[in-house]
Amino acid sequence: MVTPPPREDESAQLPVGDVEAAAALIASVNEVKKQVGRVVVGQSDVVEQLLIAILARGHCLLEGVPGLAKTLMVRTLASSMSLDFRRIQFTPDLMPGDITGTDIIQEDHETGRREMVFRKGPIFTQMLLADEINRTPPKTQAALLEAMQEHEVTAGGQTYSLAEPFFVLATQNPIEQEGTYPLPEAQRDRFLFHVVVSYPSREEEALIVDLTTSGETPEVGHVISGEDIVRFQSLVRRVPLPSHVKDWVIDLVRDARPNSPDSKDWVREWIQWGPGPRASQQLVLASKARALLNGRTHVTIDDVQTLALPVLRHRIVPTFAAEADGVSIEDLVDRLVQEHRVAPASLL
């Protein structure tokens, strides 16, 4: 069921046709979760955040130690959505042309003439897994920037459009420092979410052992298509945004900037750089997607509070004082949310 907005927001309503489409979206996403759950044990929060990012037309940065099924999760998602999937293993010797493609000389067997032909790289797909993205130098990492922002690739003076929908899901290992290249701020800002993948519980790990050592491989059914996803993405953008929620988002993001005239003392002490306007944009889009997935045609402040951490985690740079005091980025975001002004309970 899709519930209408509360009385305070009766003017913010979706047309009847969009409400029906929202119901179809919920049914499709629930089936995708079911298919993914046949292969990936646990990690329900991670799967939901990935689905929200896809519906919001965003990209995800997955951080977790090896062996937590990050690659399997992404591959299974692509299969259940009937999307073309490719994986790039990022290494120190990877070059930008290995991602985007390169011009090669090709001979026409009929005329004998030689001409330059662009051979497309693995980025020409719908769901791209950039595995261990921080293991390659910044010049190669930057090869993803245009594709992530514009959904285009420029090579040899020509611009090539990528197939829609297009997503980049990148992984990085949080415990390795040698031989890694931290993502530049501009690169990290292109990701909608920074999702931390945690260890499974003991019961989940027991199920993982049974599933992966029995010799049986569950089959994943195709639930939706790329065309369906594009329609759902358009639906997400049409979800009304109440004015009080928009104000809450803008104030939350602006409160995290230490150079703001009215920033708090602890923000100036512990935050070196705060999030830019893209954080507000993507927090709103992600909240719209979450609202639909929870059966609502309106965004609430609870949606924003729930998604504030994955949206802001990679957009806040702590100071040396914060690190010395043992204050993590998670602590900073939590304090921002807790100290932010609270709207009336009827609007949450």
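This is a guided tour of the model above, stop by stop, with a suggestion of what to select each time.

**Before you start**

The model is predicted, so numbers come with conditions: local features need pLDDT of at least 70, side-chain atom pairs count only at pLDDT 80 or more, and totals for chains, interfaces and linings use all residues. Residues are numbered from 1 along each chain as its sequence is written, and side-chain values use heavy atoms, with hydrogens and water left out.

**Stop 1: the whole chain**

Select everything and show it as a cartoon. You will find 15 helices and 11 strands; these are DSSP runs numbered from the N terminus, helices being H or I of at least four residues and strands E of at least two. Along the principal axes, the C-alpha atoms fill a box of roughly 75 × 50 × 45 Å. The radius of gyration is 22 Å, which agrees with the value near 20 Å for a compact globule of 348 residues; the radius is taken over C-alpha atoms, and the globule rule is 2.2 Å times the number of residues to the power 0.38.

Now switch on the surface. Its accessible area comes to about 17200 Å², with 50% belonging to carbon and sulfur atoms (Shrake-Rupley method, 1.4 Å probe; for residues, only the protein chains shown count as cover). Of the 348 residues, 49% count as buried; buried means under 20% relative accessible area, exposed over 50%, and partly exposed in between, with a 1.4 Å probe and protein chains only. Among contacts with a separation of 6 or more, 77% are between residues 24 or more positions apart, where contact means heavy atoms within 4.5 Å.

**Stop 2: the open sheet**

Select E2, E5, E8, E1 and E9. In that order they make an open sheet of five strands with parallel pairing; two strands pair if DSSP finds at least two bridges between them. Which strands are at the edges? They are E2 (85-89) and E9 (193-196), each pairing on one side only. From one strand to the next, the twist averages 20 degrees.

Zoom in on E1 (residues 60-63) and E8 (residues 167-172): four bridges join these parallel strands. Leu61 stands opposite Ala170 in E8. Then add helix H2 (residues 44-55), which packs on the sheet and touches E1, E5, E8 and E9. The direction of H2 makes about 165 degrees with that of E9; axes are lines fitted to C-alpha atoms, for helices over the stretch in contact, and angles run from 0 to 180 degrees between N-to-C directions.

**Stop 3: both sides of H2**

Select Gln43 and Arg57 and check the backbone torsions. Gln43 is in the loop between H1 (16-37) and H2, while Arg57 is in the loop between H2 and E1. Phi is near 55 degrees at Gln43 and near 60 degrees at Arg57. Most residues other than glycine have a negative phi, and most peptide bonds are trans. Are these two residues buried or exposed? Gln43 counts as buried at 12% relative accessibility, whereas Arg57 is partly exposed at 35%.

**Stop 4: Gln233 and a cis proline**

Select Gln233 in helix H9 (residues 226-237). At 6% relative accessibility, Gln233 is buried. Beyond neighbours within four places in sequence, Gln233 is in contact with Ile54, Leu55, Arg57, Pro165 and Phe167. Measure to Ala56 as well: its C-alpha atom is 6.0 Å from that of Gln233, although the two are 177 residues apart along the chain.

Pro165, one of those contacts, belongs to the loop between E7 and E8. A cis peptide bond joins Glu164 to Pro165, with omega about -5 degrees.

**Stop 5: the hairpin**

Select E3 (residues 101-107) and E4, which pair in the antiparallel sense over seven bridges. Glu107 has Arg114 in E4 as its bridge partner. Six residues lie between the strands of this hairpin, and Gly112 takes a positive phi near 80 degrees.

**Stop 6: an aromatic pair**

The structure holds two aromatic pairs. Select Phe124 and Tyr160, an edge-to-face pair at 6.3 Å centre to centre with 80 degrees between the planes. Rings of Phe, Tyr and Trp (its six-membered ring) pair if their centres lie within 6.5 Å; planes under 30 degrees apart count as stacked, over 60 as edge-to-face and the rest as tilted.

Phe124 lies in the loop between E4 (114-120) and E5 (127-131) and Tyr160 in E7 (residues 158-161), so the pair ties together parts that are 36 residues apart in sequence. Phe124 is buried at 13%, and Tyr160 is partly exposed at 23%.
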